[in-house]
Each structure stands twice: as structure tokens, then as C-alpha cells.
Amino acid sequence: MSTIYGGNCDRPQNIYTFAPITNVGTSESIEIDGTTITTIDVVTGGQITHQLQGSMNGVDWAGFEAASAKESGNHLDTYSGYAVRYLRVVVSASHATRTLTTTICCDA
């Protein structure tokens, strides 16, 4: 994790797209700097249950909220007031024909 997303006055430097997750799995983790996190989730192929998680140390993870099911389409969420160092996405229910692609923007 060499790049820290967020805390940059150049907004494009605060945006990161996780590798797509097909079926059940966990994304790579990224380091962030900021307390407002906006996500755009692109779900294709059918319903997916997933959760955005944060960590202070990259080892112990907790969800920003309970895992939620989302149908195919584009979904926008904003989380404010969370001061974490790392982020990742966990898909807990899916199918091999379904994909989740999450893009985040982290800001102060």
C-alpha cells in the first residue's frame, strides 16, 4: 500500500476503484486519509450482499454498517465521521455470474 487516498486538494487523487469481485470474496485493502467516504457500487448480474469495512491497523476489520443486499445497477452511499486508516470491500453473498465494482472517494 504505497498510495494514500484522500486528504489531497486534487480530487482525482482521492478516488480509487477496487478490482471487481465476482462471487464471494474480499477486495484488496487501501490506505486512506479523510473522514468522509463516498462509494459508487456497480452491481451486475443480480443481487450481491456486501459490506465496506475499515481498519486502524490493516489486521482488525469492522463494518461501517451491516452488510446490505443490492440489486443490479449503480448505487451511491456516503459515510461521514469515520476516522479509519484502511478500507476494503467484502462480498458475503453472490453467484459466479455476478460482479461488484466499488469506487471510493475519500475526503476530509
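This passage walks through a strand, two single residues, the aromatic pairs and the cysteines of a predicted model.

Strand β7 is a good place to start. Spanning residues 48-55, β7 is mostly covered, with eight of its eight residues buried. In a regular strand, side chains alternate between the two faces of the sheet. Here both faces of β7 turn out to be covered. Ile 48, His 50, Leu 52 and Gly 54 sit on one side, Thr 49, Gln 51, Gln 53 and Ser 55 sit on the other, and all of them are buried.

As for partners, β7 pairs with three strands that can be taken in turn: β8, β9 and β11. With β11 (residues 86-93), the pairing is antiparallel and runs over seven bridges. One of the residues involved is Ser 55, whose bridge partner in β11 is Tyr 86. With β9 (residues 68-70), β7 is again antiparallel, this time over three bridges, and Ile 48 stands opposite Lys 70 of β9. The pairing with β8 (residues 61-63) is antiparallel as well and also counts three bridges; there, Gly 54 has Ala 62 as its bridge partner. β7 and β8 make up a hairpin with five residues between them. In the turn of this hairpin, Gly 58 has a positive phi of about 80°.

Val 43 ties in with some of these residues. Val 43 belongs to strand β6 (residues 36-44) and, with a relative accessible area of 3%, is buried. Setting aside neighbours within four places in sequence, Val 43 is in contact with Ile 48 and Lys 70, the pair that face each other across β7 and β9. Its contacts also take in Glu 71, Ser 72, Gly 73, His 75, Thr 99 and Leu 100. Ser 72 is 29 residues away from Val 43 in sequence, yet the two C-alpha atoms are 4.6 Å apart in space.

Ser 27 is a loop residue, found between β4 (25-26) and β5 (30-32). Loop or not, Ser 27 counts as buried because its relative accessibility is 11%. A polar atom of the Ser 27 side chain lies 2.8 Å from the backbone nitrogen of Val 89. Val 89 is also among the residues in contact with Ser 27 once neighbours within four places in sequence are left aside, and the others are Phe 18, Ile 21 and Arg 88.

Turning to the aromatics, a search of the whole structure brings up five aromatic pairs. One of them joins Tyr 79 and Tyr 82: the ring centres are 6.4 Å apart and the planes meet at 75°, so this pair is edge-to-face. The two tyrosines differ in cover: Tyr 79 is buried, at 9% relative accessible area, whereas Tyr 82, at 32%, counts as partly exposed. Phe 18, already met as a contact of Ser 27, forms one aromatic cluster with Tyr 5 and Tyr 16.

Last come the cysteines. The structure holds zero disulfides. Cys 105 is in none, and the nearest cysteine sulfur, that of Cys 106, is 7.4 Å away. Seen from Cys 106, the closest cysteine sulfur is that of Cys 105, and no bond forms because 7.4 Å is too far. Both residues are under cover: Cys 105 counts as buried at 17% relative accessibility, and Cys 106 counts as buried at 0%.

How values were computed. Residues are numbered from 1 along each chain as its sequence is written. This is a predicted model: local features need pLDDT of at least 70, side-chain atom pairs count only at pLDDT 80 or more; totals for chains, interfaces and linings use all residues. Side-chain values use heavy atoms; hydrogens and water are left out. A disulfide is a pair of cysteine sulfur atoms within 2.5 Å. Buried means under 20% relative accessible area, exposed over 50%, partly exposed in between (1.4 Å probe, protein chains only). Rings of Phe, Tyr and Trp (its six-membered ring) pair if their centres lie within 6.5 Å; planes under 30 degrees apart count as stacked, over 60 as edge-to-face and the rest as tilted. Helices (H or I, at least four residues) and strands (E, at least two) are DSSP runs, numbered from the N terminus. Two strands pair if DSSP finds at least two bridges between them. A polar contact is a pair of N or O atoms within 3.5 Å; within protein, one must be able to donate a hydrogen and the other to accept it, and residues adjacent in sequence count only if both atoms are side-chain atoms. Contact means heavy atoms within 4.5 Å.
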